[in-house]
Amino acid sequence: MSITVRFCGAARTVTGSSYMFQTAAGRFLVDCGLFQGQKTLKELNYGAFPFRPADIDAVLLTHAHIDHSGLLPKLVRAGFEGPILATRGTIDLCSYMLPDAGNIQEVEVAQLNRRNAARGRREVQPIYTQADAIASLQSFRAVDYERWTEVIPGVRARYWNAGHLLGSASIELEIAEQGSIRPLRVLLSGDVGPEAKLLQPDPEAPSDLDYVIAESTYGDRVRAVTTPALRRQHLATEVRDAAAAGGALLIPAFAVERTQELIVDLIDLMEHSEIPTAPIFLDSPLAIRATEVFRRHAASLDPAVDASRLLNSPHLKFTETADESKAIMRLSGFHVIIAASGMCDAGRIRHHLKRWLWNERATVLLAGFQANGTLGRFLQDGAKAVRIQGDEIKVAARIRMIDEYSGHADGAGMASWIAARRPIARGLFLVHGEESAISGLAGRVAERIIPGARIFQPVLDDIYELAAPKPRMLDVDHRRRLAPEAVTRLDWHNEMSELVLDINDRIAAAADDRARGVIIRRLRRALEENDSRTSNR
């Protein structure tokens, strides 16, 4: 009997998590996430799925983050009629996150279409609407941690707390294997939380498996050992420096969990007079809703943290409407703004960055992973200028990074997590990471934990046969949606933006109008020579 897995996302990238399993009895997905980052990847969200949605019998969802859940409304709209199995915490969060994602897509597409109309370009449609997202919520079914649930005939699943996010899970699968009294045992890590996470317990998962499919987001990094006290101390230092600069402290933060962790620590530091007292504006309708979910689930969070009280502090100001958000932009002096998205790729944080990035009194504190091709990554890498909503913005603000609030285990943490899953009889697949991170984690675990020959690094749309002593990759070159290098490298959209910024810098730095004219004529000549070569082919 054939048992296969297709890597439909998060293969050599950290976004678009989705893995399709096929057995003789049917097909099911683990996760169905939105692609983020560079435009070449984002365009996959608008295209057809690499399978017929009506042929999928069930979806197992590891957690609510949009890169794992964000295409579920599109899946349902396209014909999927099965259950979406998730923990209660994940369902509560998705009930806000998915409609919010649909609304963001509608708003951003409306803005894009206004620009397209002015440029004579055709209109585009959103990936899905808020109504599609709300309709998809009817498909969710709650599962409990550490209890078996039947998925399709011959397949059952068990969810384990992954310590990453409220409701997050690693998913254990048992798949009946023809000719064997023992089922094929597969574990998908989902996103695994680090040690000493503020609101979540340490991750749990079983051992004695045939296959492990493990995330590797920070596979090539090892963080300094930290504690809650050290984390707060680092945050306090960054806040005091931002206050001394006299401008806004902008914190692009993932709306769910990261935001709540930061709020809890900021309020605690203010109450203990370790940082200046200042208003904290939570400028994200989704983060506000998520904060309400955390309040409701406070009993399931770390009992050492009085999350319910801290999340109700008078220092915390909710700005739900667009008008309230715009009012913040009129403020001067030190204040704190926490807004989504965490990678600066969408949402209200882009408006605040446009308002403050050019100002040397401002501070931008990046508090999470910044995927390749995102605005956050360009800021982290030291860009001198960026483009936001078509405008060039010089970067004069202080760009700072705090890694202790990451929701992901580092390379050493993931190696320990993998070691605890032994024996792994047939293979380890490393996913949900960029090439350097996957290679780093592979080098860390090869031979010491598992033989190097049993470590696999799939690329987008790879299909592996699992019902064999060793996994075998099937020929899928004719089915690939993107060439492997298109997934791992910056695309032409990013290169074009960098080129436009470089041209503007060179022209602005030229000595006079005559020198500027020389630069423009040389560029025009290069374009004409390229046109000539193209027409002669």
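Helices here are DSSP runs of H or I with at least four residues, and they are numbered from the N terminus. With that in hand, helix 13 turns out to give the most to the lining of the second largest pocket, contributing four residues. The model behind all of this is a predicted one.

That pocket is a good place to start. The second largest pocket holds about 500 Å³ of space. Its lining is made up of 25 residues, and P194, E195, A409, D410 and G413 are the ones that lie nearest the centre. Sorted by class, the lining of the second largest pocket comes out as 12 nonpolar, four polar and nine charged residues.

Helix 13 also leads straight to the sheet. Seven strands make up an open sheet, in the order 7-8-9-10-11-20-21, with mixed pairing. Strand 7 and strand 21 (455-456) sit at the edges, each pairing on one side only. Helix 13, which covers residues 411-419, packs on this sheet and touches strand 9, strand 10 (184-188), strand 11 (209-215) and strand 20 (424-431). The direction of helix 13 makes about 165° with that of strand 11. Helix 14 (residues 435-445) lies across strand 11, strand 20 and strand 21, and it runs at about 155° to strand 20.

At the strand 7 end of the order, the pairing can be followed residue by residue. Strand 7 (residues 149-152) pairs with strand 8 (residues 155-161) in the antiparallel sense, over three bridges. One pairing to look up is that of T149, whose bridge partner in strand 8 is A157. The two strands form a hairpin with two residues between them, and G154 in the turn has a positive phi of about 85°. Moving one strand along, strand 8 and strand 9 (residues 169-175) run antiparallel and are joined by seven bridges. Here R158 has E172 in strand 9 as its bridge partner.

Next come the enclosed spaces. Rolling a probe the size of a water molecule over the atoms shows where empty space is left. A search of the whole structure turns up four cavities of 30 Å³ or more. The largest cavity has a volume of about 100 Å³, and the second largest cavity one of about 90 Å³. Lining the largest cavity are 15 residues, with C8, F35, F49, L71 and R481 nearest its centre. Nine of the residues in that lining are nonpolar, four are polar and two are charged. The second largest cavity is likewise lined by 15 residues, and Y19, H68, S189, G190 and V431 lie nearest its centre. Strand 11 gives the most to this lining, with three residues. The class split for the second largest cavity is six nonpolar, six polar and three charged.

Two single residues round off the picture. N45 is found in the loop between helix 1 (39-42) and strand 4 (58-60). N45 counts as buried because its relative accessible area is 2%, where the cut-off for buried is under 20%. Setting aside residues up to four places away in sequence, N45 touches L34, F35, L71, K74 and I127. F35 and L71 are also among the residues nearest the centre of the largest cavity.

A142, in contrast, has its place in strand 6 (residues 140-143). A142 is partly exposed, because its relative accessibility is 42%. Leaving out neighbours within four places in sequence, A142 is in contact with A86, R88 and I91. The C-alpha atoms of A142 and P83 are separated by 9.7 Å, with the two residues 59 apart along the chain.

Key:
Residues numbered from 1 in each chain as written. Predicted model: local features only at pLDDT ≥ 70, side-chain atom pairs only at ≥ 80, totals over all residues. Heavy atoms only, no water. Pairing = 2+ DSSP bridges. Contact = heavy atoms within 4.5 Å. Axes fitted to C-alpha atoms, helices over the stretch in contact; angles between N-to-C directions. Buried < 20%, exposed > 50% of the residue type's maximum accessible area, 1.4 Å probe, protein only. 1 Å grid on protein atoms, 1.4 Å probe; cavity = no way out; pocket = protein on both sides within 12 Å on 5 of 7 lines; lining within 4 Å. Points joined across faces, edges and corners; volume = space filled by probe spheres on them. Nonpolar A, V, L, I, M, F, W, Y, C, P; charged D, E, K, R; others polar.
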